[in-house]
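Please look over the structure below. A short report on its domains, ligand shell and strands follows.

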Amino acid sequence: MTGKPGGGDSPVSGRRGEIDRATSLIESARNLVIFTGAGMSAESGIPTFRGEDGLWQGYRPEHLATPEAFERSPEVVRSWYRWRRDLIEKVQPHRGHQALASWCLHSGKKSCVITQNVDGLHQRSGCPDVVELHGSIRHDRCHRCGQRALDLDAVFCSCGGPLRPGVVWFGEPLPEAAVDRSLEQIDDCDVMVVIGTSAVVHPAAGMVFRALEIGASVIEVNPAPVLPAPVLHISGTAKEILPRIFSTGSVNGENPA
Ligand code: APR
């Protein structure tokens with residue numbers, strides 16, 4: 001069930017079997033969960049974290065994405081997140097995001113997107129139900145009292161505590177409501193599609209293994225798949241593959257980009 005890079009067929013026709021199987025699993029799903037990571041946004045122009053051009057090649061997570069880093073050097077951390085936020089504001093969801101959102105809206109099926117991404121691109125593409133496991137870069141919150149900040153330029157909360165990005169850092173727990181909702185959806189799902197994650201950061205990655213444990217069919221879309229059997233691997237990118245497997249009946253399964 002792995003992809004067949006380098007086969008005699010063109011890359012797309014060589015994967016025809018996997019794409020057809022994925023399409024029919026999605027069509028017959030009762031409750032579909034979509035689980036996404038940084039690779040989902042890569043073709044919109046947002047770098048992933050690991051791998052050759054990943055963000056963690058140029059920066060050390062412990063210097064930027066931990067509570068200790070923020071407490072030590074709040075301005076360094078804030079400016080790194082400001083840079084990422086500015087980048088995110090300039091990019092657009094790609095046709096993979098759009099195909100997925102359109103399917104969630106129009107398929108008539110129960111579905112939910114659970115994402116580790118903090119960029120809000122699923123919401124901007126119109127996905128109706130998105131659970132953000134790692135929070136959101138699009139707002140700040142107080143590092144002391146947790147209250148959400150209304151002003152992105154403010155530095156202190158009304159309680160006097162320092163404002164920080166609304167994301168989850170290494171060493172911090174995931175938001176309880178997001179975990180509860182994710183587990184509720186996964187425990188009831190029969191098909192999960194995992195897109196663009198290295199599945200190494202826990203506890204979020206544990207969601208994928210939970211779906212496998214309960215016997216759901218798991219499909220992975222990734223140019224370099226990482227998940228173990230019996231996952232159905234589709235070697236390819238989100239922008240290329242999602243319009244093919246999340247087709248709502250438009251010509252060639254392509255949605256306008
Ligand atoms: N389409 C699909 N997948 C892709 C694409 C693409 N265009 N480009 C890269 N990928 C895949 C890579 O092969 C890799 O497996 O996306 C994955 C990205 O992995 P990571 O960079 O580790 O991102 P992610 O799994 O989301 O990281 C988890 O780590 O630092 C943290 O908090 C951060 O939420 C993040 C968490």
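From which domains does the shell around the ligand draw at least three residues? The shell draws at least three residues from each of domain 1 (1-44 + 93-133 + 174-249) and domain 2 (47-90 + 137-167). These bounds come from an automatic or database domain assignment.

This is a predicted model, in which local features need pLDDT of at least 70, side-chain atom pairs count only at pLDDT 80 or more, and totals for chains, interfaces and linings use all residues. Residues are numbered from 1 along each chain as its sequence is written.

**Ligand shell**

The ligand has 25 residues around it. A residue is near a molecule or strand if its C-beta atom, placed from the backbone, lies within 6 Å of it. Gly37, Gly39, Thr48, Gly196 and Ser198 come nearest. By class, the shell has eleven nonpolar, twelve polar and two charged residues. Ala, Val, Leu, Ile, Met, Phe, Trp, Tyr, Cys and Pro count as nonpolar; Asp, Glu, Lys and Arg as charged; the others, Gly among them, as polar.

**Domains**

The C-alpha centres of domain 1 and domain 2 are 27 Å apart. Seven residues of domain 1 are in contact with seven of domain 2. Contact requires C-beta atoms, placed from the backbone, within 7 Å. On the domain 1 side, the touching residues are three nonpolar, three polar and one charged.

**Sheet and helix**

Helices (H or I, at least four residues) and strands (E, at least two) are DSSP runs, numbered from the N terminus. Two strands pair if DSSP finds at least two bridges between them. Six strands form an open sheet with parallel pairing, in the order S3-S2-S1-S6-S7-S8. Strands S3 (130-132) and S8 (232-234) stand at the edges with a single partner strand each, so one side of each has no neighbour in the sheet. Neighbouring strands are turned by 20° against each other on average, direction ignored.

Helix H2 (residues 16-28) lies across S1 (31-36), S6 (191-195), S7 and S8, and runs at about 120° to S8. Axes are lines fitted to C-alpha atoms, for helices over the stretch in contact; angles run from 0 to 180 degrees between N-to-C directions.

Two strand pairs are set out here.

| Strand pair | Sense and bridges | Opposite residues |
|---|---|---|
| S7 (residues 217-221) and S8 | parallel, three bridges | Ile219 and Leu232 |
| S4 (residues 135-142) and S5 | antiparallel, four bridges | Asp140 and Pro165 |

Strand S5 (residues 163-167) has four of its five residues buried, so S5 is largely enclosed by the rest of the structure. Buried means 20 or more other C-beta atoms within 10 Å of the residue's own, with C-beta atoms placed from the backbone.

Notes: Contact = placed C-beta atoms within 7 Å. Buried ≥ 20, exposed ≤ 12 C-beta atoms within 10 Å, placed from the backbone.
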